[in-house]
Amino acid sequence: MVARRDSALGEQGVGGGKKTAKAAGKAPVEKRASAKKAAKKATETAAKKAAPVRKAAAVKKAVVAPEKASAPVKKASATKKVAPKPPRNESQTALVRRARRINRELAEVFPYAHPELDFENPFQLIVATVLSAQTTDLRVNQTTPALFAKYPTPEDLAAANPEEVEEILRPTGFFRAKTKSVIGLSKALVENFGGEVPGRLDDLVTLPGVGRKTAFVVLGNAFGRPGITADTHFMRLVRRWQWTDETDPDKIEAAVSALFPKSDWTDLSHHVIWHGRRICHARKPACGACPIAPLCPAYGEGETDPEKAQKLLKYEKGGFPGQRLNPPQAYLDAGGKAAPPLGATG
Ligand code: SF4
């Protein structure tokens, strides 16, 4: 199986609205107001004092503040000085609390987070996810319309001329291997599953080119079954946050899944991946513009100057288009912009 760089891990089309409603219902009004007040105080404290490590506890407590999730694309707050949290020797209970707090904060920042692969059915999602290895979801989204127009079903793709598929997939890189994968995958769907994508993990991982990560993308987003998507962003961020020291994707998935209720797994994956793509980048995390800086032990690993950090933000957080050509309405409502199709200029 080909290794992934920005593996898409997409899902279904219109998840944003659901999330918004869910997040909006999180805290009673009074509770939210007091949390908000406390968060404001904490931000002022952190900004004024460059608090020493001991004061971090106060900051941590205060930054709960789930606000309304229906707000338009929330700007990543410019954080001046933030005391890094020292989670070494953190108890399991404290870790669970901090991890869930980070997820709640991210749900506020990305209430419209959704799969970034365009798809209309499980077959399109599984193919798009396989194609997302070693490229961006944007590139896949620009490529799949032509593929699915010509080969709309597993039967069509299973019977395709490989050279013609290669031509279509060329822009995604590794196009020969990917052609082989998607044709092989389609044949297996036709031969073993009646031309339908199965909705069980054990069945999905028997398909050529489909590992646990791809399987969970499909389960979580095409079948509504909770799954953790341990892609490159997810693995990088959970290690930065010291949720786990593991490096193996399956072990990371197991460690993180133990910190959250099952019902949170799919949305958690979106929040973390979106944060990794927009703010907490591999080489230059935008710490100075990071909304969860007070909860992050790796604060300072990236740019801490708020103005410079702001310039590192990507996609809608930086004022640019997103990755989907057909994003969910909730994303557009929040101020997000659709990606341009392949070959578009300007
Ligand atoms: S951007 Fe910086 S502060 Fe924010 S999560 Fe990443 S490493 Fe932590």
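What percentage of the 346 residues in the protein chain is made up of buried residues? Buried residues account for 47% of them, and I should say at the outset that what we are looking at is a predicted model, a point to keep in mind throughout.

Let me begin with the chain as a whole. The protein chain contains 16 helices and zero strands. If we take the contacts between residues at least 6 apart in sequence, 70% of these join residues at least 24 apart.

I would like to turn now to helix α5, which runs over residues 122–131 and is mostly covered, with ten of its ten residues buried. Those buried residues are P122, F123, Q124, L125, I126, V127, A128, T129, V130 and L131. What, then, covers the buried residues of α5? The cover includes α6 (137–150), α7 (154–158), α8 (162–169), α9 (175–193) and α11 (212–222).

Of these neighbours, I will take α9 in more detail. The two helices α5 and α9 pack at an angle of about 155°, and their axes are 10 Å apart. Because angles over 145 degrees count as roughly antiparallel, α5 is described as roughly antiparallel to α9. The crossing in which α5 passes α9 is right-handed. On the α5 side we find I126, V127, V130 and L131, and they meet K178, S181, V182 and L185 in α9. By residue class, this contact of α5 with α9 consists of six nonpolar residues, one polar and one charged.

Helix α11, which we met as part of the cover of α5, is itself mostly covered, since ten of its eleven residues are buried. They are K213, T214, A215, F216, V217, V218, L219, G220, N221 and A222, and the buried residues of α11 pack against α5, α10 (201–204), α13 (249–257) and α14. Just after α11 comes G224, with a positive phi of about 65°.

From α13 I want to pick out a single residue, E253, which has its place in that helix. Is E253 buried or exposed? It has 24 C-beta neighbours inside 10 Å, and therefore E253 counts as buried. If we leave aside its neighbours within four places in sequence, E253 is in contact with I228 and A230. As for R212, that residue and E253 are 41 residues apart in sequence, while their C-alpha atoms are 9.8 Å apart in space.

Next comes a second helix pair, formed by α12 (residues 232–240) and α14 (residues 265–278), which pack at an angle of about 90° with their axes 8 Å apart. The two helices α12 and α14 are therefore roughly perpendicular to each other. From α12 the contact draws on H233, F234, R236, L237 and V238, and from α14 it draws on S269, V272, I273, H275, G276 and R277. Here the contact residues divide into five nonpolar, four polar and two charged.

Finally, the ligand. Which residues come nearest to the ligand, of the 14 around it? They are C280, P285, C287, C290 and C296. The shell around the ligand as a whole is made up of eleven nonpolar residues, one polar residue and two charged ones.

Technical notes: Residues are numbered from 1 along each chain as its sequence is written. This is a predicted model: local features need pLDDT of at least 70, side-chain atom pairs count only at pLDDT 80 or more; totals for chains, interfaces and linings use all residues. A residue is near a molecule or strand if its C-beta atom, placed from the backbone, lies within 6 Å of it. Ala, Val, Leu, Ile, Met, Phe, Trp, Tyr, Cys and Pro count as nonpolar, Asp, Glu, Lys and Arg as charged, and the others, Gly among them, as polar. A residue is buried if 20 or more other C-beta atoms lie within 10 Å of its own, exposed if 12 or fewer, and partly exposed in between; C-beta atoms are placed from the backbone. Helices (H or I, at least four residues) and strands (E, at least two) are DSSP runs, numbered from the N terminus. Two residues are in contact if their C-beta atoms, placed from the backbone, lie within 7 Å. Axes are lines fitted to C-alpha atoms, for helices over the stretch in contact, and angles run from 0 to 180 degrees between N-to-C directions. Angles under 35 degrees count as roughly parallel, over 145 as roughly antiparallel, 65 to 115 as roughly perpendicular and the rest as oblique. A crossing is left-handed if the near helix is turned anticlockwise from the far one by less than a right angle, and right-handed if clockwise.
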